[in-house]
Amino acid sequence: MILLSGCSGVVEHLDEDEQIIYAMIIHSVFNDTYKVIHINDSTHSLIRYIIKNTFSETLFNQEPEEYYRSFFKEKNCTINNGLIEAFIQNNRKQYYIPKNFKPDRDHKFVNYLSIYYYLRTRDNKKNKLTREIKDDVKFGMISLSRVGFNDDHTEALIEVNIHRKQFKEIFYSHLKKTSGTWKFASNCYLYGPYRMKL
């Protein structure tokens, strides 16, 4: 069970499935040559671009469910509507990732503003992240959304944003749980030159 602290945007506890999925994503996109993984300390999703008006809310001029249904259809990814709705519901707010998430990798939690300023002003020596990253070191930065689960926790959907030195990629991972083990079912890329191995 995921406990939320009122409207403060703090996740008090990630359940075991969400921790496993976060760790799976990180291990899949960053091999051992990445010595330190910089993880956004709060959840991050395109849903933050929702515009609310008098009658409804829209994501790129479509209702959120409509946008995701058409996106997954275009990418030939089969995601059922219930899972899409759960994903949207879990990502209507930004949450800080709790300290109980400890991937088995050398990592640092980084706030979103540091990532933002690094990506847009890489020569800004006042930015802590810019100072930490050296040109001769391979590094990776990742932002993760909350995971949307179906009712019986056998399917999951997560948005992943990755930044490397020259490239970025955004994709949605659809995972299925079989015999108690999570496995990647498909990845639907919104943007990016890379392809994660399933």
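**Helix α4 and the nonpolar core**

In this predicted model, helix α4 spans residues 112–120 and buries Ser114, Ile115 and Tyr118. Viewed down the axis of α4, these buried residues fall within an arc of 100 degrees, so they line one face of the helix. The general geometry fits: an α-helix has 3.6 residues a turn, so residues three or four places apart point the same way.

Now turn to the other side. The face of α4 directed away from the buried side carries Leu113 and Arg120, which are exposed. The N-terminal end of the helix is capped by Asn111. There, a side-chain oxygen of Asn111 lies 3.2 Å from the backbone nitrogen of Leu113.

Leu113 also belongs to a surface feature. With Tyr116 and Tyr117, Leu113 forms a nonpolar patch. Together the three residues have about 290 Å² of accessible area. Tyr116 is itself part of helix α4. Its relative accessible area is 32%, so Tyr116 counts as partly exposed. Patch members need over 30% relative accessible area, a cut-off that Tyr116 passes at 32%.

Next, the interior. In soluble globular proteins, nonpolar side chains tend to be buried together. Here the largest nonpolar core has 26 residues. Within this core, Ile21, Ile142 and Ile158 touch the most other members. Helix α1 (16–29) supplies at least two core residues, as does each of the strands β1 (37–40), β5 (140–144), β7 (155–163), β8 (168–178) and β9 (181–191). The largest share comes from α1, with six residues.

Terms used:
Residues are numbered from 1 along each chain as its sequence is written. This is a predicted model: local features need pLDDT of at least 70, side-chain atom pairs count only at pLDDT 80 or more; totals for chains, interfaces and linings use all residues. Side-chain values use heavy atoms; hydrogens and water are left out. Buried means under 20% relative accessible area, exposed over 50%, partly exposed in between (1.4 Å probe, protein chains only). Helices (H or I, at least four residues) and strands (E, at least two) are DSSP runs, numbered from the N terminus. The arc is that of the directions from the helix axis to the C-beta atoms. A polar contact is a pair of N or O atoms within 3.5 Å; within protein, one must be able to donate a hydrogen and the other to accept it, and residues adjacent in sequence count only if both atoms are side-chain atoms. Patches are made of residues with over 30% relative accessible area and no salt bridge: like charges are joined within 9 Å, nonpolar side chains (Val, Leu, Ile, Met, Phe, Trp, Tyr) within 5 Å. Accessible areas come from the Shrake-Rupley method with a 1.4 Å probe; for residues, only the protein chains shown count as cover. A salt bridge is a side-chain nitrogen of Lys or Arg within 4 Å of a carboxyl oxygen of Asp or Glu. A nonpolar core is a set of buried Ala, Val, Leu, Ile, Met, Phe, Trp, Tyr and Cys residues joined through side-chain atoms within 4.5 Å.
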